[in-house]
Structures are given as C-alpha cells and as structure tokens.
Amino acid sequence: MLPDGTIVAADLWKRFRADPSRQSLRARASNVKRHMRGRGRRGWRWALQDVDVRIEPGESIGLVGINGSGKSTLLKILARVMYPYAGNVDVVGRTGALIEVRAGIHPELTGRENIHLYGTLLGLPRRMVASRFDEIVEFAQLEDAVDRQVKFYSSGMQMRLGFGVAAFLEPDVLLVDEVLAVGDTGFQQRCIDRMRAMLSEGTTVVFVSHDLASVESISERALWLHGGKVQEDGPVRDVLAAYRQALEHVSELTADNDGIVQLVKARVVASEGDLLRTEEPADVTLVLRSSQPAAGRVCIGCSEGPASPIFLLRHDIHLPDDGEVEAHCHIEHLPLPRGRYFLWVGVFLARGELLGWQPAAHFDVAGPDLDMGPPGIGRLSPVHVAASWQVGER
Amino acid sequence: MEAVEGPPAELLFHRPVRPIVMLRELWSRRELILVLVERELRARYKQTRIGFAWALVTPFVMMVVFTVFFKRVADVKTFGIPYPLYSYVGLLAWTFFSGALSKGAVSITQNLTLLNKVYCPREVFPISSVATAGVDTLIATVILGVLFVVYWFAPAATSYWVPLLFLVQLAFTVGLTMFLAGLIVYVRDIRQVLPMLLQLGLFATPVGYGLEVIPESWWPVYSALNPLAPIIDGYRRCVLFGLPPRLDLVAIAAVSSAVILVAGYLSFKRMETGFADVA
C-alpha cells in the first residue's frame, strides 16, 4: 500500500473527439450511415500520449507547457474527474482540486453552504468542516459575504473562496490549475505562502501555471508537457531553463524584422578570454541598418526567457539615411550566475518604435551557481551579487 | 498530431466494475447524499411563498382532474371505495416515480460543472434526486390522511405489505433513473422526450383506473414490462380493500425491477467514465 499523498500515473493516454458537438440523435445517425459506407473515420485528437509520472508524498511539482499541451487534462485525470483512455492512475489519499476558477463552487448557494458542500464532496465529516470554517472565511477575506449567494461574488472572491476551501480542508494532494492569475498580488502571495505551509506539512502539491516565476518559487520539480507528451521531467531549474529556451525559439521565429530599422547583428562576448563569466566584463555589439534618418533610443535587456528582463540598459542613438550603425556597450561586472540567457533588443522613439522588442541572441555564462535559499525563496532571485561573509562568536 | 498510433491494446483503461467496492464507497458518502437532498429542497422551496406546500399541490390537482375525468366521464369501477381516495393512492406512488425520474434523469447534466471539478461517486446525484422525490411524496401523504378523515375510512390492517411493495418500486425507480441519467449525458434529446414519455406512462399505468381494465391474460407480461402496475394495484388492495397484493404479479415485478436496478447501476458506472469528456 502506497502512503497517502502518492501519485502514480503510468502510460497515460487520453483522446478527445475532434468534433465534440455530435450529441444529437440526428448527427449520430448520419455518422453511423457514413461509417457503414466506409467513409468518415472518426476524428480523435490525442491530448495525452504515454505520460508517466510518479510523485512522492510531500513533493511539489509544477506542470508547464504551452496552451493545449495537456496540462489541464493531466490534472483532471489526477483529480479523478476524468478517466484516461489507456494506462493507470493511482492517487492515494484525499484530493483537493482547484480546477478552473470557482472549483467546487455552486453559484446558487451561499458561501457558507458552499464550504460545507465542498467539504462533504471531499468526503470530510461535517464536524471537521465546521472546525476549519472560520479559517477559510478569514483566509478568503469573505467576512459578511459568507451568507450571500456565490453568484453575487466578484470573480476574485469566488477564486479566494475556492482556493480557501481546497487548501484548508487538509487534503493529502492539492491540485491547482492556473487560477492565481485572478487574485490580486497580495492574495497571490498568500496562496503561495499557504501552499508552502501545506508542503511543509507533507501535502503533495501539483501546480499548473504559465507564470514560471511562481512555479519556480513553489516547486522543486517540474514536468514539461508538449503536445501531450512529457518533454522533460526533473529539477525545476533545469526543466524551466529548457522550456524557456524552447519558448525563445518560437518567439525568435516570430520576431518581426522588416521595419524602418533592421537588426543586422547582435552579439555578447567576454571582454577578455573566450568565456563570459559571472562578475567579469562583457561587451555587447549591435549593428543596425536604417532606411531613413531617425533619432531614437536603443534598449538592450537580458532575460532567462520571455519573462521580464533581469536588467535593462539604454542609450540615445542617431540613425543615418540608408546606412548602418554599430553600437557597443561595455558591461563592467556581469551580474548573472551560471546559465543560459537571452539578449533582447529594441529601438524606440518617444512614442512608437523603430525596431520592436525582440530576442536577438543567446549566450552562456560560466561561473558559480546561485546559493540555494530555503525552498521557494532562493529560486526567485536571478542576480549574482559578489559578497563575503564573516561569522564568529561575540 | 494526426497519424498517432495510439496505445497498445493491452494498456487500454478498463474501469473495474466491482459492485462491493462501489457500494462500500457509496455508503461512505451517505452524508453527501443527505447534503444534496437538503440543498435541493432548500433551493426549491426557499424563494417560494408557500414553500413545502408545493409538494401537495401537484398530486392534489391531479386527483381533482382524475376525479372529474375518470369518474364522471369514464366511470371507473372502484368497488365501493370513494374515487378520490382510490386514485390518490395510485397518484402518490406515481408522484414518487415520476418526480424521481424527471429530476434524477437530468441530475448529471445539471451538475456537470460541479462534476468537472471534484471527484465523488457520480451515482450520488441520481440517488439524491430519488431521495428528494421521496421527501416530496412523504409530504404529499398528508393529503391521503385528510382524505381518510373526510371519507371516514380507515386504512386496512393489511397495510403492512406497503414496505415490501415500496422496496420493489424503489429498485425499479433507482435503476431506471440511473440508466437515464447516464444516457442523457450522451444523448441530450432524451431530455426533451422524457416529460412526454412520463405523461404517456401515467395513462399506461393503472393510476386513474384499476388493473381490472386490462384483460387478465395479459397481466404477467404487463407486470414484467411495467412493474409499477402490480405495485400500485398492490398498494390499493392492501391499504383500501384489506386484501394481500397479487403476489404472483408482484414477484414478476420484483424480478423485473431487480434486473433493471442491476443493469441500470452497471451501465451507469460504465457510462460514468466518459462524463467529463462530453461536458
């Protein structure tokens, strides 16, 4: 018998009707007719293909992947709401799921009734729901609204109630789909804190999000799904780095390069030696071609992915009529720890742009890894700071 | 993603149908059924003026209509029993059946959004609809009491047969409700047809008239196809006439109901695996 909180999913396959609207008898009849004539193969679309995951109790795992990659389907199968087409799933213990905003929330009932209903759906005795009731109301900041029908709640309130209920009724496994986006920043932070608290109590957390920073801050491990297959599964940093790089690849292809100003060359090199190193000088070289004279501002940025840049630098620039300009930027101390990064370039006017903000090159930095902080905190910090410590008794 | 081979056949997911495990799980969720019944009753009667009295209105109006139609126009034989009392016993049983079926059959489709988010054994929804109809019927029994007083008629001592008859009726009702609840998720058209079928069923069942209207040689087949017929006949015989039910017909109905219950439950569990896919 596996301990509570274990998730074992082996060889999962899931398919959907390519055209799910066939529900009337008439459509079915015509379908059967076509089928008998040997035409009309039924259209299926694979949502998951041979997915294997094993998650131990107390582990936190982030699911990442582009839209339609199968994240939500996998989560629904783990929540036992959906059944796989092939393979096996075993989720041991009680599952609290927050799938789609307003999970487990019934609009006609009041907040109070919803909390009780959801608790009973999870299979909890009434006494236990009653004992956690105040905590949930306080966490969700509902106050007087508990006795109002949920359909009159704002979407933020519904989300808070849903999360509060799922997170406070002590599940062994917490499944959270992209929901934090609705809450305000303060609430997002409290959700993340709550998830961490649950992790430290031994709850297994499976977390789906497009916000890679929050995935990084909660999860130790990440699973990257692409086209219904597991692309990569491992420590969160490695998987996210690979995922970011793949995203970069996509955005590189879409980068628009036929405006007034064109980027001819972009390069980041070490000022001395051939490897870029943490805390050592680096040179950025850009070559821009313009078709008409203009005065603007060139911006360069550095990021780990399409997310917000780690730092930005900018400088005024004059572009000639039909010619090329070379710009150099010398960075004295590169503040990046070891890893792969992207150089972003754009040329802007006071209003409007001459060259759209786009990833132009990637580069690797050699150097020390960042010090790892306590779970969920250290990974959010991307900057390397040179420091020395002295610790002694006093 | 076309031309994907798909998984090897031996990996295909087959949900094991183990009745004992399923019943045990259902039993562990009995509290959930209570909460759902309470929710349903609350939601239905909370915002109405006369509240629970609504459960009395439908069977009462039906009785009045039946009295005018069957008694005055068709002159149904009641063997000395006042017609309102005679028909109301049948209507009470019918109210339970049709109330359970009409609510239970759509219980899954109505709760799909909820079902898409939380796991629970899905049969709690149709079962709680049946239980809700049971509460309504219990309330409607008040009118039966009033009729007994009005006509100064005491229920016969043989009424002890009622629980057994009800058990057969319950099996039939639960089985049929579960089957339809699952099927409607896939074939929504049934939802439109159901009220009409229930109307027809009311006239195809001896509710407003007696079993005697049907030729006696048809009774066994009729009882197998419509188990409600010997059941309602049995209610009348034991409550009003002081006679035992026609046990041979009730036995046929019981076998037929048991088959429907088992088949309905198993087919529901089979259909259950796809509910979330069509939602």
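These legends walk through a few close-up views of a predicted model.

**View 1. The largest nonpolar core and its best-connected members.** This core counts 134 residues. The members that touch the most others are A:L63, A:L75, A:L78, A:L175, A:V206, A:A222 and B:I231. A second core, separate from this one, has 25 residues, and A:W344, A:V345, A:V347 and A:A360 are among them.

**View 2. Zooming in on A:L175.** Leaving aside residues up to four places away in sequence, A:L175 touches A:L75, A:L78, A:A79 and A:V206. A:L175 also touches A:T95, A:A97, A:L98 and A:I99.

**View 3. Helix α3 of chain A, tucked in by its surroundings.** The helix runs over residues 111-121, and ten of its eleven residues are buried, so the rest of the structure largely encloses it. Look for A:G111, then A:E113, A:N114, A:I115, A:H116, A:L117, A:Y118, A:G119, A:T120 and A:L121 to find the buried ones. What do they pack against? From chain A come α4 (126-139) and α5 (155-168), and from chain B comes α2 (30-45). Just past the helix, A:G123 takes a positive phi of about 90°.

**View 4. Where chain A meets chain B.** Chain A brings 37 residues to the contact and chain B brings 29. On the chain A side, the elements giving two or more residues are the strands β1 (7-17), β2 (44-55), β4 (86-91) and β5 (95-98), plus helix α3. That side of chain A splits into 18 nonpolar, eleven polar and eight charged residues.

How values were computed. Residues are numbered from 1 along each chain as its sequence is written. Chains are lettered from A and ligands numbered from 1 in the order in which they are written. This is a predicted model: local features need pLDDT of at least 70, side-chain atom pairs count only at pLDDT 80 or more; totals for chains, interfaces and linings use all residues. A nonpolar core is a set of buried Ala, Val, Leu, Ile, Met, Phe, Trp, Tyr and Cys residues joined through C-beta atoms within 7 Å. A residue is buried if 20 or more other C-beta atoms lie within 10 Å of its own, exposed if 12 or fewer, and partly exposed in between; C-beta atoms are placed from the backbone. Two residues are in contact if their C-beta atoms, placed from the backbone, lie within 7 Å. Helices (H or I, at least four residues) and strands (E, at least two) are DSSP runs, numbered from the N terminus. Ala, Val, Leu, Ile, Met, Phe, Trp, Tyr, Cys and Pro count as nonpolar, Asp, Glu, Lys and Arg as charged, and the others, Gly among them, as polar.
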